[in-house]
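Thanks, everyone, for making time this morning. I would like to walk through one model with you, a few local features first and then the helix packing, and please stop me wherever something looks doubtful.

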Amino acid sequence: MSKKQPEKSTKPEQEAALVPEPIAAADPTVLLHADVQDPDSFAVQISDQIESFIVAVTEVAKGDEPDSAIPFLLLEVSQLCLAGGRLGAHEDIVPEERYEPDLGPERDVDDLRERLAAMLEPIDVYSEVFDPYEPRKAPVACRISDDLADVIADLSHGLAHYRAGRTVEALWWWQFSYFSNWGSTASGALRALQSLVAHIRLNQPLEDLNGLDTDEDLAEDALAEAAGKVMAEEIAGPLGLRSVQ
């Protein structure tokens, strides 16, 4: 079913796109609609970052280099969040059509999700607060594998539009879904990955993750009570990080 899109704005200021540094000043309408786009254009740079992320995470999920998986994912998610920040700082991108063109079946990410989950065990589950401005909200359990698969599903949807030549549609979708889903999902995964690497590098033992069940709605006290004792050296080897002395 086609997704209903906002009506095009007739405001003159929305016709001009904000061109972030270091992109040279140019007519953004020309950049978005050009048949052969300049490699320095906003659209090309965003699409390159997104495609690079999808390819990299797909390669990591194959499990060929498990020793470097976590640091590599930390790098890739960090770079993707930069692309998201650029989309977030950009003026609203207005789609050309009132309704989204049919793309056919969505990309199946279940195999990717399962591969990541198997590789990231036992540090796949982490606790997250979805809205930091919602008062006294208890954290919920999330999975890095779920997050990455969901982000790739969102990004692949826009990439299909981009490859079909619908550049504005792709940019609109990436920007809209950044605000509505994949931006917060990627930032949650980034915090989990950064925390994991920091625990190892700073010789800080990780607590037992048993009980951080994503199928249960656990309050903060319950999450703390469920934590046991799993030392960092048990996962430092598989993550390619130095062991705790």
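Proline 122 sits in the loop that runs between helix H4, residues 110-120, and strand S1, residues 125-128. What I would ask you to look at there is the peptide bond between glutamate 121 and proline 122, which is cis, with omega at about 10°. I should say at once that this is a predicted model, and that everything I describe today is to be taken in that light.

So how far does the confidence carry us? The chain averages a pLDDT of 77, and 69% of the residues score at least 70. Over residues 1-35, however, the pLDDT stays under 50, although the model has 55 contacts for that stretch beyond four places in sequence. Residues 238-245 likewise have a pLDDT below 50, and here the model shows 22 contacts beyond near neighbours in sequence. Where pLDDT is low, the predicted coordinates should not be read in detail, and I will leave both stretches aside.

Let me turn to helix H6, residues 167-201, and its partners. Helix H2, residues 42-61, has an axis that comes within 11 Å of the axis of H6, and the two cross at roughly 60°, which makes H2 oblique to H6. The crossing of H2 past H6 is left-handed. On the H2 side the contact is made by Phe42, Ala43, Ile46, Ser47 and Ile50, while H6 contributes Thr167, Leu171 and Trp174. Sorted by class, this contact of H2 with H6 holds six nonpolar and two polar residues, with no charged ones.

The second partner I want to show is helix H3, residues 69-89, whose axis comes within 8 Å of that of H6, with a crossing angle of roughly 145°. H3, too, passes H6 in a left-handed crossing. By class, the contact between H3 and H6 has 17 nonpolar and seven polar residues, and again no charged residues.

Finally, the aromatic side chains, for which the count comes to six aromatic pairs. One of these is formed by tryptophan 173 and phenylalanine 176, a tilted pair with 6.1 Å from centre to centre and 45° between the planes. How are these two placed along helix H6? They are three residues apart in H6, and therefore tryptophan 173 and phenylalanine 176 are separated by about one helical turn.

That is where I will stop, and I am happy to go back to any of these views.

Note on methods:
Residues numbered from 1 in each chain as written. Predicted model: local features only at pLDDT ≥ 70, side-chain atom pairs only at ≥ 80, totals over all residues. Heavy atoms only, no water. Axes fitted to C-alpha atoms, helices over the stretch in contact; angles between N-to-C directions. Helix = DSSP H or I, 4+ residues; strand = E, 2+ residues; numbered from the N terminus. Parallel < 35°, antiparallel > 145°, perpendicular 65-115°, else oblique. Left-handed = near helix turned anticlockwise from the far one by under 90°. Contact = heavy atoms within 4.5 Å. Nonpolar A, V, L, I, M, F, W, Y, C, P; charged D, E, K, R; others polar. pLDDT = per-residue confidence, 0-100. Phe/Tyr/Trp six-rings, centres within 6.5 Å; stacked < 30°, edge-to-face > 60°.
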